[in-house]
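Trainee: Could you walk me through this one? I'd like to know what each label rests on.

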Amino acid sequence: MMVLVPLLLALWLGAPNGGCALPPSCLQPPAKWCSSLDSAVQCGVLKQCLESDFRRTRQTDDPVQVGLYYESLCPGCRLFLTRMLFPTYLLLNEIMSVTLVPYGNAQEKPDGQKYTYECQHGKDECLGNMIETCMMNMTEMAFPIIFCMESSADVISSAESCLKIYDPDLSMDKVMSCVNGDIGMQLMHQNALKTKALNPPHQYVPWITINGEHSDDQQEKAMTSLFSLVCSTYKGKKPAACGGAEKIHYKSYCHNE
């Protein structure tokens, strides 16, 4: 059973007693309730995990591919990621996929067999870009971790605490080994190539692509209401969140005893 990040909210609300209490056998953080059959059973959310998997299998078309080319310390990028992209993904993950490319307006320079980078907002941004890039290569929980980082007051200093919340099995030391090693450099080089290959070339960040394409009209729609754009772009049967016919009711109460 695959990890279902967007169930963090839905499963908490749909958990036994409406999220007021969890079975004592539940030792996993919410992000990993659906990571395996055993954890779903132990946390009392097997039905919800299976329902989410079932809804995914019923999708009748390819998901809408949303690409975000951004910088870790860019104010506009942070606002879009935390207030538009991540919330939309929580609601529409069944019909959309997200690709994050942290590089933006950085400059890559060859240095022998390696590369060095200069970033628009200084060395800290280069570090933030690299940390987030390595996390995407090391954990399935990268998106919520990056959301946590980008929504905090200090992107860099919050990385370790965000990692502990969403993937406590991955240490910050391992992430920094990637950041300071050849793997991180090669991953960032791939980000540079992807960004330089954009057609049309990016003029600013955040730069948003829908199904691999960018236009001024789509950029404006994504920045205004990504939710509406994804719903209107998806060609298959619309999910309930988009106004589709399927409706699921969760009735659970915390009684006054």
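**What the labels rest on**

Mentor: Start with the outside: the accessible surface of the protein chain is about 13,400 Å², and 53% of it belongs to carbon and sulfur atoms. Those areas come from the Shrake-Rupley method with a 1.4 Å probe, and for residues only the protein chains shown count as cover. This is a predicted model, where local features need pLDDT of at least 70 and side-chain atom pairs count only at pLDDT 80 or more, while totals for chains, interfaces and linings use all residues. Residues are numbered from 1 along each chain as its sequence is written, and side-chain values use heavy atoms, with hydrogens and water left out.

Trainee: How many helices and strands does the protein chain have?

Mentor: There are 10 helices and five strands. They are DSSP runs numbered from the N terminus: H or I over at least four residues for a helix, E over at least two for a strand.

Trainee: What makes glutamate 125 count as buried?

Mentor: Buried means under 20% relative accessible area, exposed means over 50%, and partly exposed is in between (1.4 Å probe, protein chains only). Glutamate 125 comes out at 0%, so it counts as buried. It's found in helix α5. Across the whole protein chain, buried residues make up 46% of the 257 residues.

Trainee: Which residues is glutamate 125 in contact with, leaving aside neighbours within four places in sequence?

Mentor: Contact means heavy atoms within 4.5 Å, and on that test glutamate 125 has Glu71, Ser72, Leu73, Cys74, Cys119 and Gln120 as partners. Take cysteine 74: it sits 51 residues from glutamate 125 in sequence, yet their C-alpha atoms are 8.4 Å apart.

Trainee: Where is cysteine 74 found, and why is it called buried?

Mentor: Cysteine 74 is in the loop between β1 and α4. Its relative accessible area is 8%, so the buried label applies. Beyond residues up to four places away, cysteine 74 touches His121, Glu125 and Val205. With histidine 121 the C-alpha separation is 7.4 Å, although the two are 47 residues apart along the chain.

Trainee: And asparagine 211, why is that partly exposed?

Mentor: Its relative accessible area is 37%, so it is partly exposed. Asparagine 211 is in the loop between β5 and α10, and its phi, near 55 degrees, is positive in a residue other than glycine.

Trainee: How do you know that α6 is mostly covered?

Mentor: Eight of its nine residues are buried, among them Phe143, Cys148 and Glu150. The cover includes β1 (64–70), α4 (75–92), β2 (96–102), α5 and α7 (159–166).

Trainee: How do α5 and α6 pack?

Mentor: α5 (residues 123–138) and α6 (residues 142–150) pack at about 160 degrees, with axes 9 Å apart. That makes the pair roughly antiparallel. The cut-offs are under 35 degrees for roughly parallel, over 145 for roughly antiparallel, 65 to 115 for roughly perpendicular, and oblique for the rest. Axes are lines fitted to C-alpha atoms, for helices over the stretch in contact, and angles run from 0 to 180 degrees between N-to-C directions.

Trainee: Which residues meet there?

Mentor: Ile131, Glu132, Met135 and Met136 of α5 meet Ala142, Ile145, Ile146, Met149 and Glu150 of α6. They divide into seven nonpolar, no polar and two charged. Here nonpolar means Ala, Val, Leu, Ile, Met, Phe, Trp, Tyr, Cys and Pro, charged means Asp, Glu, Lys and Arg, and the others, Gly among them, are polar.

Trainee: What makes α4 and α10 roughly parallel?

Mentor: Their packing angle is about 10 degrees, with axes 10 Å apart. Set that against the cut-off, and α4 and α10 are therefore roughly parallel. Among the residues in the contact are Phe80 and Leu92 of α4, with Ala222 and Phe227 of α10. By class this contact has 11 nonpolar, three polar and no charged residues.

Trainee: One last item: which peptide bond into proline 200 is cis?

Mentor: The one from asparagine 199, with omega near 5 degrees. Valine 205 and proline 206 are also joined by a cis peptide bond, with omega about 0 degrees. Proline 200 is in the loop between α9 (182–196) and β5 (207–210), and proline 206 lies in the loop between α9 and β5 too.
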